[in-house]
Amino acid sequence: MNTYLDREAATALLAAHGFNRTDIECVLDLTKSISQGGTPLWPARSVERLASRAWWLDGAEIKTSMPQAA
């Protein structure tokens with residue numbers, strides 16, 4: 001199942017990990033969005049993957065979703 005983030009959710013996620021406004025716009029620009037009802041949505045996994053490369057996170061992963069039960 002694909003999880004998508006709207007701009008507000010993506011901004012909140014990234015800001016919580018120390019991204020400033022310019023960093024956030026860069027991540028969103030580099031992550032391909034889709035349009036649903038005229039609203040841009042970003043795949044959560046793509047945002048997490050790109051954001052995890054920030055030098056200040058020292059390789060830590062950013063997660064938005066809970067692990068699925070086995």
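Helix axes are lines fitted to C-alpha atoms over the stretch in contact, and the angle between two of them runs from 0 to 180 degrees between N-to-C directions. Keep that in mind for the exercises below, which use a predicted model.

**Exercise 1.** How do helix H1 and helix H2 cross, and which word describes their angle?

*Solution.*
Step 1: Find the helices. H1 covers residues 7–16, and H2 covers residues 21–30.
Step 2: Look at their axes, which come within 10 Å and cross at roughly 125°.
Step 3: Choose the word. Angles of 65 to 115 degrees count as roughly perpendicular and those over 145 as roughly antiparallel. The crossing therefore makes H1 oblique to H2.
Step 4: Add the hand: H1 passes H2 in a right-handed crossing.

**Exercise 2.** Which residues of H1 and H2 meet, and how do they divide by type?

*Solution.*
Step 1: On the H1 side, pick out Arg7, Ala10, Thr11, Leu14 and Ala15.
Step 2: Their partners in H2 are Ile24, Glu25, Val27 and Leu28.
Step 3: Sort the residues of this contact: six are nonpolar, one is polar and two are charged.

**Exercise 3.** Now step back to the protein chain: in what order do its elements run, and what percentage of its residues count as buried?

*Solution.*
Step 1: Count the elements; there are three helices and three strands.
Step 2: Read from the N terminus, which gives β-α-α-β-β-α.
Step 3: Turn to burial. The chain has 70 residues, and 29% of them count as buried.
Step 4: Finish with the surface: about 5100 Å² is exposed, with carbon and sulfur atoms supplying 53% of it.

Note on methods
Residues are numbered from 1 along each chain as its sequence is written. This is a predicted model: local features need pLDDT of at least 70, side-chain atom pairs count only at pLDDT 80 or more; totals for chains, interfaces and linings use all residues. Side-chain values use heavy atoms; hydrogens and water are left out. Helices (H or I, at least four residues) and strands (E, at least two) are DSSP runs, numbered from the N terminus. Buried means under 20% relative accessible area, exposed over 50%, partly exposed in between (1.4 Å probe, protein chains only). Accessible areas come from the Shrake-Rupley method with a 1.4 Å probe; for residues, only the protein chains shown count as cover. Angles under 35 degrees count as roughly parallel, over 145 as roughly antiparallel, 65 to 115 as roughly perpendicular and the rest as oblique. A crossing is left-handed if the near helix is turned anticlockwise from the far one by less than a right angle, and right-handed if clockwise. Contact means heavy atoms within 4.5 Å. Ala, Val, Leu, Ile, Met, Phe, Trp, Tyr, Cys and Pro count as nonpolar, Asp, Glu, Lys and Arg as charged, and the others, Gly among them, as polar.
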